Protein chains: 2
Amino acid sequence: MVTEVRRIRAFNRTVTRRLGVLNEKYLGRDRPYVESRLLFEIGTKGADVRALRGRLGMDSGFMSRLLRSLERKGLITIRPSPEDGRVRVVRLSRQGLAELRRIDALSDRLAQSMLASLTRVQTQRFMAAMSEVETLLRASSVEIAMADPASRDARHCLDRYFSEIDARFSSGFSRSQSGSEHADFIPPRGCMLVARLFGEPMGCGALRTLGTGLGEIKHMWISPEARGLGIGRRLLAELERVAKKHRVCAIRLDTNASLIEALRFYRSTGYREIGRYNDNPYAHHWFEKALK
Amino acid sequence: MVTEVRRIRAFNRTVTRRLGVLNEKYLGRDRPYVESRLLFEIGTKGADVRALRGRLGMDSGFMSRLLRSLERKGLITIRPSPEDGRVRVVRLSRQGLAELRRIDALSDRLAQSMLASLTRVQTQRFMAAMSEVETLLRASSVEIAMADPASRDARHCLDRYFSEIDARFSSGFSRSQSGSEHADFIPPRGCMLVARLFGEPMGCGALRTLGTGLGEIKHMWISPEARGLGIGRRLLAELERVAKKHRVCAIRLDTNASLIEALRFYRSTGYREIGRYNDNPYAHHWFEKALK
DNA sequence: ACAGTTATCTGACTAAAGTCAGTAAATGGT
DNA sequence: ACCATTTACTGACTTTAGTCAGATAACTGT
């Protein structure tokens, strides 16, 4: 443990020095750093102010003022969202896009400066190690928390979950027939967990009680961009922990045959296939695991 | 090239997000971030104000004020350097040391928080990849520049070089007999290169002309803490480049038998062993390489 | 319809981080 | 001995990066 901590601190120090300094010098050259950063986060596709605030962890007043400043400079346009009149959608203007390209070019130059003095072999090793570090850093940054199934993040995950299974099930999927209610996933009857990466929801999982001592896992979903980080395992372990605390001694779940990774995943985490225990028309496989 | 740049940018982004945010939140909790950072840089051993300014790239007025603030809080003591009355040496007071330990503890906590959610296997891979990235990031951060042999950085390198060979040569080493003058390494008669990592001198190498079309490499030295980064190769390549530009077509050098890495290094970079070409009493091996 | 929530905005303020010009002392080179 | 440099310090100032307490409008659930 001590060695690991020392390693991380050395890494932290070197990386902060190299990237931190250059980042700020490159990106914040002729405008405040946070403004560049904001332009960068808005990106070519534009974004909700709300989402930006979440991603950057910024005070709403401060954000508002920054947006006003960028607007005055003609770099962005702000208009209300068509779906929700409270939220604003920010887009880069033609000028803002040009500015973003400039920032991108600087950012590229920074990246190239990091390669300039390395040999070919060093570069290859560098790339591989960076991928690895990035993946694991993302994995270690994922935070799992209880959430109300009606909350925005939970609904976002569920919506994406349902649209994904609708696309993947050979028969499609109709949400009205799914037979699970939000209320099932609110303590003490059950619970819902959301996994977030840098503030954005990347996965969910829910638990409900079927009867005394019997629980059921529902709605396990991981966003495609966050797969391979071990989030599924962490969600499941956490749900099982919660279940155990509520005196659940066996957990069941069902799955559609088209979800091959899910089948493999449950088998590898200790779930045994059992006979049909419900009348879910979309289920082909039923599993159970005893909690000890 | 495009792939590499994209990789680096993704890495850059994830790392900045994870480390940057946490760093500032952890370290800057109850005092300004730069003050914590300064305490951290002063470290248990203390430091020259000059060196601190270089390392942190700080305005001297700003630095002065920060030091005054830390002094008022009783965290540091400042006194003139015994060697040079202009420079000040900063040391942490008892209280400052306690504060540093507190910062260290927070820093450790940050490191641990990065490991908390990883499995054992993930942690191992993480450590290996971080070492690799750190090494290569350091390698890529080394900057090589021409320097006056009388400059502070060059003298620092040469002093350490001579004291190292004095320790390693079985017969010791006396600088007065070395027979090379500073003036030899000033253009156009020769040149001296210094390699710097984050502003601090980490290695040097010099070239002088022996006769028409004939050059000689002298004083190649790499700081122990920066070995294995490929600095030697880069210095040598750069010296050869300079030599070629000055119509040198062959380069010679001599070496003491105790410098085994040096012998291996020169052999592997294209130098062939030749007969004695000078009367250097410390030399056991003589090399030459033709420049094409 | 209405109470409670959410998203954004405004004004008033503060702390942090830095810049710049000029001064004074010590040092190094000639 | 003297001049140019280097190092640190001071004062005056600016910009950057926030925080906090409301106000307002749009939405949500009942």
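**Entry 1: chain A by itself**

I began with burial in chain A: of its 292 residues, 51% count as buried. I note here that the model is a predicted one. I then looked up the secondary structure of chain A and found 9 helices and 10 strands. For the extent of the chain, I took the box along the principal axes, and the C-alpha atoms of chain A fill roughly 65 × 50 × 35 Å. I also checked how far apart in sequence the contacting residues of chain A are. Among contacts between residues at least 6 apart in sequence, 59% join residues at least 24 apart.

**Entry 2: chain A against chain B**

Next I turned to the two protein chains. How many residues of chain A are in contact with chain B? I found 52 residues of chain A in contact with 52 residues of chain B. The area buried between the two chains is about 5,500 Å², and carbon and sulfur atoms give 64% of that area. I looked for the three residues of chain A that supply more of its buried area against chain B than any other three; they are I8(A), R9(A) and R17(A), with 12%.

I went on to the polar side of this interface. Between chain A and chain B I have 12 salt bridges and 23 residue pairs in polar contact, both residues at pLDDT 80 or more. One salt bridge I looked up joins E132(A) to R125(B), with the closest N and O atoms 2.8 Å apart.

Which helices of chain A supply at least two residues each to the side that touches chain B? I listed α1 (2-27), α2 (33-42), α5 (94-115) and α6 (120-141). The largest share of that side comes from α6(A), with 17 residues. I sorted the side of chain A that touches chain B by class and got 23 nonpolar, 13 polar and 16 charged residues.

**Entry 3: DNA strand C**

I moved to the DNA. There are 21 residues around DNA strand C, and the closest are V49(A), R50(A), R65(A), V34(B) and G85(B). Of the strand C atoms that come within 4 Å of the protein, sugar and phosphate account for 64%.

I then looked up single contacts to DNA strand C. For the bases, a polar side-chain atom of R65(A) lies 2.7 Å from a base oxygen, and a side-chain N or O atom of S60(A) is 3.2 Å from a base nitrogen. For the phosphates, a backbone N or O atom of R88(A) lies 3.2 Å from a phosphate oxygen.

The elements that give two or more residues to the surface near DNA strand C are α3 (49-56) and α4 (60-72) of chain A, together with α2 (33-42) and α4 (60-72) of chain B. I see that α4(A) gives the most, with 5 residues. By class, I have 6 nonpolar, 4 polar and 11 charged residues on the surface near DNA strand C.

**Entry 4: DNA strand D**

I repeated the search for the other strand. DNA strand D is surrounded by 21 residues, with V34(A), F62(A), G85(A), R50(B) and R65(B) the closest. Sugar and phosphate make up 67% of the strand D atoms that come within 4 Å of the protein.

Where on DNA strand D does a polar side-chain atom of R65(B) lie 2.7 Å away? I found it at a base oxygen. Two other arginines of chain B are placed at phosphate oxygens of DNA strand D: a polar side-chain atom of R53(B) lies 3.2 Å from one, and a polar side-chain atom of R68(B) lies 3.3 Å from one.

At least two residues each of the surface near DNA strand D are supplied by α2 and α4 of chain A and by α3 (49-56) and α4 of chain B. The largest share comes from α4(B), with 5 residues. By class, I count 6 nonpolar, 4 polar and 11 charged residues near DNA strand D.

**Entry 5: S36(B) in helix α2 of chain B**

I ended with one residue. S36(B) sits in helix α2 of chain B. Is S36(B) buried or exposed? S36(B) has 2% relative accessibility, and buried means under 20%, so I put S36(B) down as buried. Leaving out residues up to four places away in sequence, I found that S36(B) touches L27(B), R31(B) and I103(B).

I also listed the buried residues of α2(B): E35(B), S36(B), L38(B), L39(B), E41(B) and I42(B). After α2(B) comes G43(B), which has a positive phi, near 65°.

Methods: Residues are numbered from 1 along each chain as its sequence is written. Chains are lettered from A and ligands numbered from 1 in the order in which they are written. This is a predicted model: local features need pLDDT of at least 70, side-chain atom pairs count only at pLDDT 80 or more; totals for chains, interfaces and linings use all residues. Side-chain values use heavy atoms; hydrogens and water are left out. A residue is near a molecule or strand if one of its heavy atoms lies within 4 Å of it. A polar contact is a pair of N or O atoms within 3.5 Å; within protein, one must be able to donate a hydrogen and the other to accept it, and residues adjacent in sequence count only if both atoms are side-chain atoms. Helices (H or I, at least four residues) and strands (E, at least two) are DSSP runs, numbered from the N terminus. Ala, Val, Leu, Ile, Met, Phe, Trp, Tyr, Cys and Pro count as nonpolar, Asp, Glu, Lys and Arg as charged, and the others, Gly among them, as polar. Contact means heavy atoms within 4.5 Å. Buried area is the accessible area (1.4 Å probe) that two parts lose on being put together, summed over both. A salt bridge is a side-chain nitrogen of Lys or Arg within 4 Å of a carboxyl oxygen of Asp or Glu. Buried means under 20% relative accessible area, exposed over 50%, partly exposed in between (1.4 Å probe, protein chains only).
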